[in-house]
Amino acid sequence: MTAALLTIENLNVSYRGRGHSAHILDGVDLEIGHGQSVGLVGESGSGKSTVAFALLGLLADNAEVSADHAAFDGRTQDFAKRETASLRGTDIAMIFQDPMTALNPMFSIGTQLVDIQRRRFPKESRKALWARAQAVLADVGVQDAAARMHRYPHEFSGGMRQRVVIAMALLVEPKLLIADEPTTALDATIEAQVVEVLHRLRQRTSASMLVVSHSMGLIAELCDSVVVMYAGTVVESGKVADVLHRPRHPYTRALLACEIDPFAAFDPSQDLATIPGTVPDPSRRPQGCIFAGRCPARHDRCSEKPPQQQAGDGRTYACWLEAA
Amino acid sequence: MTALTLKDAVIRYDRLTAVDGVSLELRRGETLGLVGESGCGKSSIARAIVGLQPLADGTLTIEGETLQEVSSQRKQALQRKIQLLFQDPAASLSPRMTVRSLLAEPLKIRGTYTPERWARILELAVSIGLGEQLLSRCPHQLSGGQARRVALVRALAAEPSIIVADEPTAGLDISVQGDLLNLLRALRDRLGLSYLLISHNLNVVGRVTDRVAVMYLGQIVESGPTAALFRAPAHPYTQALLSANLTLDASRRGERIVLSGELPSPSNPPSGCRFHKRCPFAQPKCSIDVPALQAGPGERSVACHFPLSTASVVTPQAIAG
């Protein structure tokens with residue numbers, strides 16, 4: 001078996017505040033195989049973006065980061081020393097959520113697409129880099145790329161800007177591409193276009209992908225496996241088809257029940273599903289299972305930390321239910 | 001009985017025509033959905049209905065009285081029957097006021113404060129989960145769901161009969177979204193309200209509205225009972241919009257139709273059918289003649305020269321082949 005591209009074991013992130021510290025990530029394990037696409041799904045405050053930012057070394061200075069073991073492409077990484085920051089823009093590239101703020105309004109698209117490559121290809125001429133940029137821009141579906149290279153971000157629509165940002169990430173030929181809510185800011189028909197671009201990309205490049213999103217639909221569309229996060233912990237992970245269609249953890253089940261399928265027959269007088277309660281305060285995390293306070297299947301044992309259970313085919317979930 | 005009728009409404013911002021001849025009818029006690037992408041004019045319609053934006057042309061009728069035909073005093077009274085739920089409720093609440101004063105503010109502004117009314121509002125607040133302990137809090141101490149409830153009670157303080165909700169669930173987590181939608185429906189039935197629900201979230205619109213109108217570039221391209229329209233859209237735009245919706249089970253929605261091109265600018269709409277440049281079924285006629293919104297069977301209307309069969313769903317491949 002070949003080693004995974006990225007392995008992280010027991011990733012912890014906390015912020016020290018006045019008198020108490022807020023634990024944002026608690027023992028997160030993540031593995032991304034070569035050429036694999038992994039989805040990181042969760043609601044606000046689940047810590048999914050923190051995982052991505054920790055990977056890039058982009059967390060705030062007062063963040064305390066630690067991991068038992070972390071390796072990228074066979075090399076061990078020390079999160080406490082932010083060693084992964086050196087991979088940013090060379091081996092790891094990111095597609096940010098908001099394509100407007102990810103681009104500098106003062107420079108033409110071409111200049112920005114050239115500059116992004118400088119760190120990766122320091123010896124190449126501007127002309128060569130410009131030509132590469134133009135080719136990739138055409139590749140992600142920007143028509144008339146040669147002329148568009150001279151344009152500025154404000155002259156692009158939202159969907160086109162997102163394509164520019166995707167082109168930017170591709171230009172460094174990363175081994176890992178992180179997409180943080182890549183379609184959240186886009187309209188439905190434009191979202192479909194961008195999803196299509198990402199689809200094509202997956203078939204053509206050997207890069208692995210980490211898709212961070214709150215949208216189960218997007219994850220189902222783009223990923224092979226999924227990691228479900230809740231309040232800074234991983235509650236369930238496994239193949240997309242398994243987790244989304246046969247969820248094991250009560251949180252995954254509850255979350256999927258909240259999804260609305262507009263094409264399904266339903267009784268309009270029936271209430272929509274919800275998850276009562278709120279996410280626990282990260283500075284006052286409960287001792288046992290993090291979801292216990294809102295869990296419909298809660299019992300006495302949930303006051304202890306739940307075990308990681310295996311369910312075959314690489315599936316794990318952290319729950320006392322069905323535990324031996 | 002009709003709660004509100006908008007007829008041939010035109011809304012202009014300088015030379016830009018954001019809404020071009022839209023007619024809507026909101027029946028009493030129903031939830032009417034208005035869907036479309038950015039810039040289609042759906043929020044402009046919301047603003048016009050609540051009186052924040054004048055109509056350049058067309059009429060607005062509230063409970064049988066046309067605003068253009070009544071005295072300005074009566075107009076104010078009628079407009080008060082409609083309240084707007086803003087897109088970002090947290091931003092619509094003054095950060096320096098407590099929940100208590102935020103709830104009292106609408107009564108004070110209108111000069112309708114009475115102890116009985118105030119008691120009724122507090123009762124309503126408690127009944128939807130805004131307990132006594134929340135009243136002394138400021139907006140930043142509220143969760144997204146709570147802020148939305150405060151905005152909702154403020155809107156209901158005017159004792160409206162019509163609520164215009166502009167993206168009421170935008171930015172809410174899916175586990176909380178259902179909670180708000182359940183609450184809105186319960187209040188509708190309890191207080192006899194009618195809703196105009198504006199959203200780009202097709203899942204939400206498909207689940208909670210009775211009828212729906214689909215907008216594209218300032219015009220309504222299709223309308224009808226929600227369930228029937230979602231099952232078999234007649235307009236190619238509706239079909240593409242529905243197929244673009246990301247669902248967990250891709251087999252459910254059928255073949256995805258990815259439209260080419262971007263949303264055209266409303267300041268320079270295409271000739272003929274405004275959708276023809278992106279339409280997979282466009283014919284020469286579509287770039288010349290403007291299709292009118294025509295009523296068909298089953299309370300459905302569509303503005304298309306070559307509407308899709310609503311009996312069965314047709315794919316572009318089937319027609320091309």
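Start by selecting A:Leu40 and A:Val227: A:Leu40 stands opposite A:Val227, which sits in strand E10 of chain A. Keep in mind as you click around that this is a predicted model.

**Stop 1: strand E3 and its neighbours**

Now widen the selection to residues 225–230 of chain A, which is strand E10. E10(A) runs parallel to E3(A), and four bridges hold the pairing. Then look for the other partner of E3(A): strand E9, residues 208–213 of chain A, also paired in the parallel sense, over five bridges. For a landmark on that side, pick A:Ser37, which stands opposite A:Met209 in E9(A).

Is strand E3 of chain A enclosed or open to the outside? Select residues 37–41 of chain A and show the surroundings. Five of the five residues are buried, so the strand is largely enclosed by the rest of the structure. Try the two faces in turn: one side carries A:Ser37, A:Gly39 and A:Val41, the other carries A:Val38 and A:Leu40, and all of them are buried.

**Stop 2: the whole sheet**

Zoom out a bit. Which strands make up the open sheet of chain A, and in what order? There are eight, and they go E7-E8-E9-E3-E10-E11-E13-E12, with mixed pairing. The edges are E7(A), residues 92–95, and E12(A), residues 308–310, and each of these pairs on one side only. Follow the sheet across and you'll go through a twist that averages 20° from one strand to the next.

Next, go to the E12(A) edge. Its partner is E13(A), residues 316–318; the two run antiparallel and three bridges join them. To find your way here, select A:Gln309 and then A:Tyr317 in E13(A), which stand opposite each other.

**Stop 3: the helix lying across the strands**

Select residues 250–258 of chain A. This is helix H9, and it lies across E10(A) and E11(A), the latter being residues 233–239. Turn the view until you can see the crossing: H9(A) runs at about 100° to E10(A).

How many of the nine residues of H9(A) are buried? Seven are, and the helix is mostly covered. Colour them to see where they go: A:Pro250, A:Tyr251, A:Thr252, A:Ala254, A:Leu255, A:Leu256 and A:Cys258. As you do, remember a general point: an α-helix has 3.6 residues a turn, so residues three or four places apart point the same way.

What covers those buried residues? In chain A, the list includes helix H7 (216–222), E10, E11 and helix H8 (240–245). Chain B pitches in too, with helix H6 (174–191).

**Stop 4: a cluster of rings**

Stay around here and select A:Tyr230, A:Tyr251 and A:Phe291, which form one aromatic cluster. Over all chains the count comes to seven aromatic pairs. One of them is A:Tyr230 with A:Phe291, an edge-to-face pair with 5.1 Å centre to centre and 80° between the planes. A:Tyr230 is in strand E10 of chain A and A:Phe291 is in the loop between H9 and E12 of chain A, so to speak a link between distant parts of the chain, 61 residues apart.

Now swap A:Tyr230 for A:Tyr251. The ring centres of A:Tyr251 and A:Phe291 are 5.1 Å apart and their planes are at 70°, so this pair is edge-to-face. It also links distant parts of the chain: A:Tyr251 belongs to helix H9 of chain A, and 40 residues separate it from A:Phe291.

Are these rings buried or exposed? A:Tyr230 and A:Phe291 are both buried. A:Tyr251 has 0% relative accessibility, so it counts as buried, and A:Phe291 gets there with 1%.

**Stop 5: charges over rings**

For a change of scene, select A:Arg148 and A:Phe156. A:Arg148 lies over the face of A:Phe156, 5.0 Å from the ring centre. Then jump to chain B, where B:Lys108 lies over the face of B:Tyr113 at 6.0 Å from the ring centre.

**Stop 6: a helix residue, then chain B**

Back in chain A, select A:Thr50 in helix H1, residues 48–56. With 15% relative accessibility, under the 20% cut-off, it counts as buried. Beyond its neighbours within four places in sequence, A:Thr50 is in contact with A:Val13, A:Ile24, A:Leu25 and A:Leu59.

Finish by showing chain B alone. It has 11 helices and 12 strands, and 52% of its 321 residues count as buried.

Conventions
Residues numbered from 1 in each chain as written. Chains lettered and ligands numbered in written order. Predicted model: local features only at pLDDT ≥ 70, side-chain atom pairs only at ≥ 80, totals over all residues. Heavy atoms only, no water. Buried < 20%, exposed > 50% of the residue type's maximum accessible area, 1.4 Å probe, protein only. Pairing = 2+ DSSP bridges. Axes fitted to C-alpha atoms, helices over the stretch in contact; angles between N-to-C directions. Contact = heavy atoms within 4.5 Å. Phe/Tyr/Trp six-rings, centres within 6.5 Å; stacked < 30°, edge-to-face > 60°. Lys NZ or Arg CZ within 6 Å of the ring centre and 35° of its normal.
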